[in-house]
Amino acid sequence: MSFDLLPLLLRGARITLLLTLAGATLALLMSLVAGLARMSTNRVVRSIAATYVEVFRGTSVLVQMFWFYFALPLFGISLSAFTAGTLALGLNVGAYGAEVVRGAIQAVPKGQTEAAIALNMSPRLRMRRVVLPQAFAMMLPPFGNLLIELLKATALVSLITLPDLTFQAMSLRMTTGRTTEIFVWLLVLYFVIAYPLTLLVRWLEHRVTAYTKA
Amino acid sequence: MSSNALKPPGERPADASQPDFSRPKDGAIVEFRKVRKAFGDLVVLDDLDFTVAPGEKVAIIGPSGSGKTTILRVLMTLVEPDGGEVYVDGQPLWHMVVSGQKKPASEAHLRKVRQSIGMVFQHFNLFPHMSVLRNITEAPIHVLGKPRKEAEARAKELLGMVGLGDKLSAYPSQLSGGQKQRVAIARALAMQPKVMLFDEVTSALDPELVGEVLGILRQLARETDMAMLIVTHEMGFARDVADRVVFFNAGQVAEEAPPEELFTNPQNPRTQTFLKAVLEH
Amino acid sequence: MFDRITFDWDWEYAFQILPQLLEATIVTVQATFVGFALSLVIGLLFALGRRAPLKLISWPVTAVIEFIRSTPLLVQLYFLFFILPRWGLSLSPFLAGVIGLGLHYGTYLSEVYRAGIDSVPKGQWEAARALNFSTIKTWRNIVLPQAIPPMIPAFGNYFIVMFKETPLLSAITVVELLQTAKIIGARSFRYVEPVTLVGLIFLLLSYPAAIAVRRLENRFVKQRA
C-alpha cells in the first residue's frame, strides 16, 4: 500500500465533500419548505408540495441527474455537472426529508399546540417557538440517515463526468491498473468522510434532547 | 354579581324580531347562546344556554362524556361549535358581525377576543424545551409585547405566589406533577386573563399532590377578581370555592345552584344519582 | 446558463423510441425481482448471523454489514464486476448487478428482520420454552408468524427503492432502462425524450406501488392492534 495515489484521490474526495455539503444544504432547505407546505391550510400550496415529493421520491436519483445534465440543455438550460448533481441530490433527498419533517411535526403532542393557543400565540409563533423546536429533535436521527445516503449517492456523479472520488478512482484504475489498492483507498476514504458525519448528527441529537434527560 | 346572569332565558330583555348577533347579554363575561356541538353521532353540546358573570367562580360537575370539557374547549377556541353563538366580555367569539351579517371569525378576530381567556390543562402541557421561567415569560413577551425585564419580574412574582420561587431555571422534566401544574397556573396567570378555565386540573396527579394545587386554586378564588370556570371531580373543593355549581349532563345544564343548595338538596333526579354515586365510595 | 428556454419536444421521436424503452423495462423489472429475492435471503442470513450467540460469527457479520452499508452501492457494483474477475470469478453484468443489489439491500433488510423479531414480546419465547417447543418449531410456529406481518410494509418499501436503484446497473453495462436511454440518446444526440420517458416510466410504476404499500401498512398495522 503506497501513498502516491492519494493526491489524485484526495482531489476527488474534495469534490465529493463539496457536493455533499451543497446537496445537504439544498436538501435541508427543501425538506423544511416542502414539509411545512405539505401541512399548509392552502390547498394549492399543499398539492404543489405533494407533487414535488411524489415526483422526486418516485424516480431514481440517477435518472434525475441525467435529466438535469443531459436533457435540460435541449430546453435551452445548460448546467454544469456539479450544479446538475447538486440539484438532483438536493431535490431528491429533500423530498424524503420533507416526509420526515411532516412526520416529526405531527408527532409533537397536540397538547403543546393547545397550550400555545391558550396563551394566544399566533399560528406562526406557535410553529416557530413551540412545535418546530420539539419536532427538530425527532427529525435528527432520520436526517442523519439521509445524510449518509446522500454521501453515498454522490458517487453517482461520476457517471455524469464529474471528477469526484469514485470518478478519480475509476480513472486511476484504468491508467495504473492497481485495482485492489485503489479500491481499498476508495472504501477507506468514504468511511473516513461518513463516520465524522454520523458522529456529528449523533452529537447534535444529544444536545437537542438534553432537556428530556434531566 | 349581576342578577341577569341567573335569570332564566325567558325573562331576559328580549329582542323579538331578528336575532342580534352583535349584542351579548348585558354584564355577562361569558355567554353561550344555543351552542351546538356534535362529534359524529354523539351530541356533546345540545343547544346550550349558559352565562357567567364577571368575577364569578363556577364549578362544573357531571359524568364523563357529558360535554363539560367541551364547554371549556369551545371557549378556549380549541373546538369550533356547529351552531349558536359564544360571547366573551361583550364580544362575539366565533363569529363577527359585518354590516349586520353573521360571518365566521377571522384568525385576527379570534386572537383579539381570545386574549381575555386563559386555560390550565389536565396534563399540564408545559413546553419541555423551555425552562420554567421561559415557559411563563414566552407569551407575555411575544404576544403581549412586554419588555423582557418586566415579564421576568412578573414571572418571579407569580412563581413565588405558587410556592416555586426557587425553580426559575429548572426544566419541566425535573418537576413533579404538582409542581408542573403550579407552573402551568402561573403561566396562564401571566397573561392576566379575565376568565380562567380549569380542565380537571388535579385528575392526572398523584393523590398526595392534589392538595397543593387545590390550595392555589382556593387562593385564586379568594384573592382575584377573574371569573373562574372549574371542571372538577373534587366535590369538597367545589363546595368550598364556588359561587355556583353547575351539574352538566347530556349536553345540557341539568341543574345549577349555589353549592350548599345543590349538594344538600339536589332537585333533578339525575343530579341525585350522580352525587350519590360520586360521594359514596 | 438560461440562453433561451424553448420547449423543444419531439412527440414523433418519443413514440418511436417507446417500444425499445418498454422492452428495457422488462430487464429493469427482472433485475428488481431477482435482486430483491436475493436480498430477502441474504438479509435473513445477516440477521441471524448478527444474533448468533457465538462472537466468532456475530462480530465478522456485523462488520461486513456496517461496511457494506456505509459505502456506495456503485462502488460495490464496480468491485463485483471489475475486481472479482482478477481473482478468477467472472460474472455477467446482470448477475453482478443483482448480487450487488442483494448484498447491499440485504444489509437494510437485516435491520427490518431484526426489528420484526425484536417486536415479538419476550413472553412468547418463554411460553414456547415452557411448552417444550424445539428451537425450529419455536421460530416456525410462534415467532415468525408474529414477526413477519409488520415487516411486510417495510419490505414493500425497500422493493420500490430497489426498483428505483436499478439504473445504477447501467454503470456496469446492464442494458436496463437508463442504459437504453443513453444508447438511444447517443445515437440521435437527443437526450430529452429518452431520459424524460424513462423518468415517467419509473414514476408511473412506482407511484401506484407506493400507494399499494401504504395500504399494506394500514392492513398490517390494524392486524397487530
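**Stop 1: the sheet in chain B**

Start by selecting strands 1, 2, 4 and 5 of chain B: they form an open sheet of 4 strands with the order 2-1-4-5 and antiparallel pairing. Its edges are strand 2, residues 42-52, and strand 5, residues 91-92, each of which pairs on one side only. Keep in mind as you look around that this is a predicted model.

Now zoom in on strand 1 of chain B, residues 30-39, and its partner strand 2. How many bridges join strand 1 to strand 2 in chain B? There are 7, and the two strands run antiparallel. For a landmark in this pairing, show Glu31(B) and look across to strand 2 of chain B, where Thr51(B) stands opposite.

**Stop 2: where chain B meets chain A**

Next, colour the chains separately and turn to the contact between chains B and A, which takes 29 residues from chain B and 22 residues from chain A. About 2,100 Å² of area is buried between these two chains, with carbon and sulfur atoms giving 62% of that.

Show side chains here and you can look for 2 salt bridges between chain B and chain A. One of them to pick out joins Arg129(A) to Glu138(B), where the closest N and O atoms are 2.2 Å apart. There are also 8 residue pairs in polar contact across this interface, counting pairs with both residues at pLDDT 80 or more.

Which elements of chain B should you select to see its side of the contact with chain A? Helix 2 (107-114), strand 8 (117-120), helix 3 (132-142) and helix 5 (177-189) of chain B each supply at least two residues. Helix 3 of chain B gives the most, with 4 residues. Colour the side of chain B that touches chain A by residue class, and you will have 14 nonpolar, 8 polar and 7 charged residues.

**Stop 3: a buried asparagine in helix 3 of chain B**

Stay with helix 3 of chain B and select Asn135(B), which is found there. Is Asn135(B) buried or exposed? Asn135(B) has a relative accessible area of 1%, so it counts as buried. Show what surrounds this residue: leaving aside its neighbours within four places in sequence, Asn135(B) is in contact with Leu126(B), Phe127(B), Met130(B), Pro172(B) and Arg187(B).

**Stop 4: two residues with positive phi**

Move along chain B to the loop between strand 9 (195-199) and helix 6 (207-223), where Glu200(B) lies. Check its backbone: Glu200(B) has a positive phi of about 45° although it is not a glycine. Glu200(B) is also buried, with a relative accessible area of 11%.

For another such case, jump to chain C and select Asn132(C), in the loop between helix 5 (122-130) and helix 6 (135-165). Asn132(C) is not a glycine either, yet has a positive phi of about 65°. With a relative accessibility of 69%, Asn132(C) counts as exposed.

**Stop 5: where chain C meets chain A**

Pull back to see the three chains. Which of the 2 pairs of chains in contact shares the most contacts? That is chains A and C. Chains B and C, by comparison, are joined by no contact, and their closest C-alpha atoms lie 22 Å apart.

Select the contact between chains C and A: 42 residues come from chain C and 36 residues from chain A. The area buried between them is about 3,600 Å², and carbon and sulfur atoms give 73% of it.

Across this interface there is 1 salt bridge; to find it, show the side chains of Arg214(C) and Glu54(A), which meet at 3.5 Å, N to O. You can add 10 residue pairs in polar contact, both residues at pLDDT 80 or more.

On the chain C side, select helix 2 (55-70), helix 3 (73-83), helix 4 (93-118), helix 7 (177-188) and helix 8 (192-224), each of which supplies at least two residues that touch chain A. Helix 8 of chain C brings the largest share, 10 residues. By class, the side of chain C that touches chain A divides into 25 nonpolar, 8 polar and 9 charged residues.

**Stop 6: a glycine in chain A**

Finish in helix 6 of chain A, residues 123-153, by selecting Gly144(A). Gly144(A) counts as buried, at 10% relative accessibility. Now add Leu197(A) and draw a C-alpha to C-alpha distance: the two residues are 53 residues apart in sequence and 7.9 Å apart in space.

How values were computed. Residues are numbered from 1 along each chain as its sequence is written. Chains are lettered from A and ligands numbered from 1 in the order in which they are written. This is a predicted model: local features need pLDDT of at least 70, side-chain atom pairs count only at pLDDT 80 or more; totals for chains, interfaces and linings use all residues. Side-chain values use heavy atoms; hydrogens and water are left out. Two strands pair if DSSP finds at least two bridges between them. Contact means heavy atoms within 4.5 Å. Buried area is the accessible area (1.4 Å probe) that two parts lose on being put together, summed over both. A salt bridge is a side-chain nitrogen of Lys or Arg within 4 Å of a carboxyl oxygen of Asp or Glu. A polar contact is a pair of N or O atoms within 3.5 Å; within protein, one must be able to donate a hydrogen and the other to accept it, and residues adjacent in sequence count only if both atoms are side-chain atoms. Ala, Val, Leu, Ile, Met, Phe, Trp, Tyr, Cys and Pro count as nonpolar, Asp, Glu, Lys and Arg as charged, and the others, Gly among them, as polar. Buried means under 20% relative accessible area, exposed over 50%, partly exposed in between (1.4 Å probe, protein chains only).
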